[in-house]
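User: Please take a close look at one pair of packed helices here. I would like to know how the two are oriented and which residues join them.

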Amino acid sequence: MREEIIVRVGAKVLAPFIIMFALYVHFHGDYSPGGGFQAGVILAAAFALLALVYGLEEVQRVLPPWFVRGCAALGVVIFAGVGVVTMLLGHNYLAYNALAPDPTHPEHGQHYGILLVELGVLVTVFGVMATVFYLFAGRKGQAS
Amino acid sequence: MTLDLLLTHYNYWVVIFLMMVGFYILISRGNLIKKIVGLNVFQTSVFMLYISLGKITEGTPPILVDGYGEADVVYSNPLPHVLILTAIVVGIATTSVGLALAVRIKEAYGTLEEDEITGIEAGIEPAGEAGG
Amino acid sequence: MTAHLILSLLVPVAGSALIVLLRRNENLREAASLVTAGVLFAIVLRIYGAVSDGARPEVILAEPFPGIPIALEAEPLGVLFALIASFLWIVTTAYSIGYMRGHHEKNQTRFYFFFAFAIASVMGVAFAGNLFTLFVFYEVLSLTTFPLVTHAGTEAARRAGRVYLGILFSTSIVFQLLGIIWVYAAAGTLDFAVGGILRGNVAAGTVPVLLALFVFGIGKAAVMPFHRWLPAAMVAPTPVSALLHAVAVVKAGVFAVLKVTVYVFGIDFVAELGASNWLMWIAAATIILGSLVAFTKDNLKARLAYSTVSQLSYVVLGAMLANSLGVIGSGMHIAMHAFGKITLFFCAGAIMVGAHKSEVSQLGGLGRRMPVVFAAFLIGTLSIVGLPPTGGAWSKWFLGLGSLEAGQVGLVAVLMLSSLLSLAYLMEIPLKGFFGKPAGAGQGSGHDDHGEHGHHGAPKWSVAAIVVTATACLVLFVYPEPFYRLMTMVTGP
Amino acid sequence: MLLTLLAATGFALLRIRNLFAVVMLAGVYSLLSAGLFTVMDAVDVAFTEAAVGAGISTVLFLGALALCGHHESKPGHTPLLPLFVVCLTGAALVYGTMDMPGFGEASNPVHHHVADHYLEESYGEIGIPNVVTSVLASYRGYDTMGETTVVFAAAVGVMILLVGGARARRARGGGEG
Amino acid sequence: MAEHYPALQVVVPLLAAPLCLFVRNGRAAWGLAVLASWTALGISLMLLSRVMSSGVISYALGGWAPPIGIEYRVDVVNAWVLVIVSTIGALVAPYALTSVEREIGARRIPLFYAAYLLCLSGLLGITITGDVFNVFVFLEISSLSAYALIALGQDRRALTSAFRYLVAGSVGATFIVIGIGLLYSMTGSLNMADLAQLLPGVWESRTVKVAYGFLAVGFCLKLALFPLHLWLPNAYTYAPSPVTAFMASTATKVAVYMLLRFFLTVFGAAFSFDVMALDRVLLPLALVAVVSMSLVAIFQVNVKRLLAYSSVAQIGYMILGLSFATVTGLTATLLHLFNHALMKGALFMAMGCVMYRVGSVHIDAMAGLGRRMPATMAAFVAGGLSLVGVPLTVGFVSKWYLILGALERGWWPVAVLVLIASLMALVYIWRVVEVAYFREFTGDQQTREAPWTLLWPTWALVALNLYFGIAAERTAGIARQAAEVLMTGIGQ
């Protein structure tokens, strides 16, 4: 597959678009279908595509396994951390209103909160999907 | 009455049929990967049941067109969607762990057929226990 | 006085700790054992003094269930039992020093440790303030005596231990515990009370069933068919057989039966309903059958064990008679049989250590070499049979009177017959000892390996203990007063 | 129509023993169900199902098949018990739906307890038009946190199982317990 | 901070889990796990004391009042279960250090602790939540991490048993989801308290009854009620020792709790017992479980498997208490939740010590260990006696209430069966004891007592066994209060 120049170029061209699309899905989640989870999946799929075309090692040089693993954990920390922050601000767990204490416009705090937790979801899902993909793909050589 | 029931409920019943196909694959097939496929089908069908619950005839997706829900626009119920989004994620999580287990089982036993695994385990049972 | 109650439990426990601490020096260790026993007896004497003056000290140790505490209370029946057990513990400790050394037993520290623990649980049984506490200490006693029974660690000991714990636990869990919870469900309390707690709380028809749950559930009373554990327990070292399986454990069983009958059911209640009639005859059957089996046993300890089975049912019988005389006889028999039977076991042990003989048929002529031992055996025998001038005569007397009062002439006959039987199977031993011919060389060939130890005769410590208990048997004939008074306090005027 | 296709796919899944085909069909099944979700106004769900069911999980299945081989052997015995269990379960469910409110009726209780609140108040309270996102990230944000954790747990699980590879397997030979 | 305890209860271990992946060293991950689990224990104790003194605590997550948002609702019942889970969690965590270093490869140790913490937070989350769908989410957190933890066992059969558990667990979870969906379709609500208000209006509908059935099957799969227990024995046998100790003492307990919560609070005791005849369905199943599984346990040669079968039997006791449909019966169930966690925890931990030194838990491997590893085997004996139900141990306390409950209903044959089953427990425990104390030691002469790092958590549990066996007043009081809450239902 490595010799197929069209595939290589195609993948190279497509990948940024997929990543762009993922980010669009993420940030436009408020207005249309989509959000952190779908974006994370798509993002991971982009790298999976690159890995299929260029080989696992190449992609792992850009995105080392420890990095994606860290992402998987980081996302959870972000999400749960938002809750802890709102708690420290004197509100209930995950009560985003605490993030922008403006009684007339509670939605501001909600915006920040949703943005942050969606980011957490994105990071975790991307990290997890990439990790799982690496592990399955990386095992190929060892199977008897 | 019967016809009425049929018309208003056939959707559920087809979904139930699909569920049962998945369930049947899950519990009757010996191949571990096929079992996981069955589990997927089973769960996806359950998702359909939920989404069916949320559907309102003539409704539209629950994305507010003008900010506030106007009376003349009927939105489908968003809550089942949210639940199922969560459930889908849970489903893929289970699938990935199940597949990882299947891979390891294949490596350890050289097979993915439940019968053969049971046979191997029965075979090593005495030696394994006594050697313990 | 409540402090004394707590001390009666703590002293043996502390003693056992001391024993472990002093395990390096056996003299100190055994001194600790003796001192503990002495202190305990002194404490029990103080309690006796208070109780005979009419005090009823009580103390709550813990309250596991709301309304069901683990409580200690000293009342006459319990004091009687505690008095016997703690006194005989001193004697047995002295005896076992001689025995254990003479027999070169292993793991002596473990032996003394669990022995002291067993005594602590015996005290708990004696002073139990309610049925729950009684059950708790009863079970603890089973557990703490298990390592003593299996002391030898051999295959035979393991099997015997299985029978021992198996029967004691299954009866106590399936029957006794069921009975206790049933009583609680019906009466809403488990406290012992004069006159019982069941009157008016249960249907008349269930009383016999409930009573049977206790009589059979208290497996330590060894009522047939749940007696098998007692002969099995004889694999233990002789001091264990002597104190625990002739006195403490088995008496804990019959004591519990008596106590339950008197304080949970109430003798009048039982008598009115005739709830115990068929159980009387079970006890009577055990008396006779036990004696008959004893006849067939050539092994001395086994013979004594079946004799115990038979004699225990005297006590159960006395309780089942459900009248004052029967109960007095019952309590007296706890005391009298204790002194008699412990003497017999001491003698058996002394013969084993001194002459390496364990079978009745090997005893011929030994009496001339061990006159003190065999004389004591004779006294013990008389006491068990119930002949003057020994204490055993009194308990038989009251039991007989009780049977007559209950209108059970047949039971009097049973008592007579069994006395004759026991006379026959026990007298064989001193008779053989004094008048029989020494065992032939052919019979002894199997025991040649003992030759190098020689026939030293019984250890001094042991002989001293034997003399004490045998004398006690005689003294109790002249002076049964303390026990009699305690029992009349139980039954009331 | 979609439902019929789904049923056909399900049946094919049951019969086919080549696991590659099965996995592909499972992907098709997911896509079809995504279509169904769209028809039923669940666009978010459809999007996710397409990405997950047809995308990621197919990739994972293929990865697993590459490691495990792809033929399923013939079942050794007639699975009567499973069939019975399945029929019983299905019958119970159908029985249960008898009293269920009709499909798509706006008066169903489902649509009126908390759903009304989400549709009517969410713009004021949260200020974004996609109600699904509002509910997902805020009203039931905690569920979503749980969901994120589930995904993370899956990653931990897969790592536990597949990290280390061949070395771990050799060690296994000695560790018979 | 006190008002946030309900959230912190779950979030502390949940946050600690990803942090385990950032520390590269197994010991640091262990430190995190210990810290998080002890914090969770502290929080659960404070929650319990607050609930006891001032009643139900409702915590609105995200600040959205229920039923709009997700609610955490703590009453005596789940505060009690939280204490059970976090107690075991707090003792297994320190125990794991030494055991895991022996049984699990170094690279996986941080992962182990991450999965362990996830499992703990999942179980706590299931217990504390007042929202039925949230139950499912946290159920999956705990289940997924449990599958992975079990698969960490050294034997390759750990893999297959984890897979079987995964299938059974997923079927159970899916059934629960179906049940929840049906309930939702009839009421439109997911909040437990809310459902409890709404459901009486639709009691008569077949949908609710079927939902009930699906939830029942789902929970019974999760709690391994006979005959849905088949996944359990192997899973417990081949999992690493600390995992077995943890799972056996918590996972099935939480499943029992869910059953109680759904059937008695959400549906209501009246519906469960009068309409669905739950008691009459569960009674025979529980009795068969108690007797047959005790019997099966007698014939096991692998001690961990023996204890696993015993667990299935003990779950039967808990369900039996429920089937009495009385406050006393439920008290027995709730007490046994706690007590069984204590005794099985101690027993499996003792087996972990044996595994550590001897490398096997086959019954023949126990020969002579009474002398070689006196503290370990003494702990086993103590835990075993508790399992049998000897007085002064917790096992006796639960048995007491169970039999009292049976006699209150006048079901004395049930009481007799329970007692006979406890004799069977005596038989299977005693088999091990005899081998340990009466057989000659045949193994490696180097075999010594287990290290104290393993022994102290084991003995801590043994001590709790004895302490709450004597001071059962407190536990029994809480259990009774909780039983009354369950029987009267919510808001009445």
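Analyst: In chain C, α4(C) and α5(C) are roughly antiparallel to each other, a term kept for angles over 145 degrees, because helix α4 (residues 108–126) and helix α5 (residues 131–149) of chain C pack at an angle of about 165°, with their axes 8 Å apart. This is a predicted model, in which local features need pLDDT of at least 70 and side-chain atom pairs count only at pLDDT 80 or more, while totals for chains, interfaces and linings use all residues. Residues are numbered from 1 along each chain as its sequence is written, and chains are lettered from A and ligands numbered from 1 in the order in which they are written.

The helices are DSSP runs (H or I, at least four residues) numbered from the N terminus, and each axis is a line fitted to C-alpha atoms over the stretch in contact, with angles running from 0 to 180 degrees between N-to-C directions. The crossing of α4(C) and α5(C) is left-handed, that is, the near helix is turned anticlockwise from the far one by less than a right angle.

On the α4(C) side the contact (C-beta atoms, placed from the backbone, within 7 Å) involves residues including Phe111(C), Phe114(C), Phe115(C), Phe117(C) and Arg110(C), and on the α5(C) side the participants include Leu134(C), Phe137(C), Tyr138(C), Leu141(C) and Pro147(C). By class, the residues of this contact divide into 14 nonpolar, four polar and one charged, where Ala, Val, Leu, Ile, Met, Phe, Trp, Tyr, Cys and Pro count as nonpolar, Asp, Glu, Lys and Arg as charged, and the others, Gly among them, as polar.

Technical notes. Helix = DSSP H or I, 4+ residues; strand = E, 2+ residues; numbered from the N terminus. Parallel < 35°, antiparallel > 145°, perpendicular 65-115°, else oblique. Contact = placed C-beta atoms within 7 Å.
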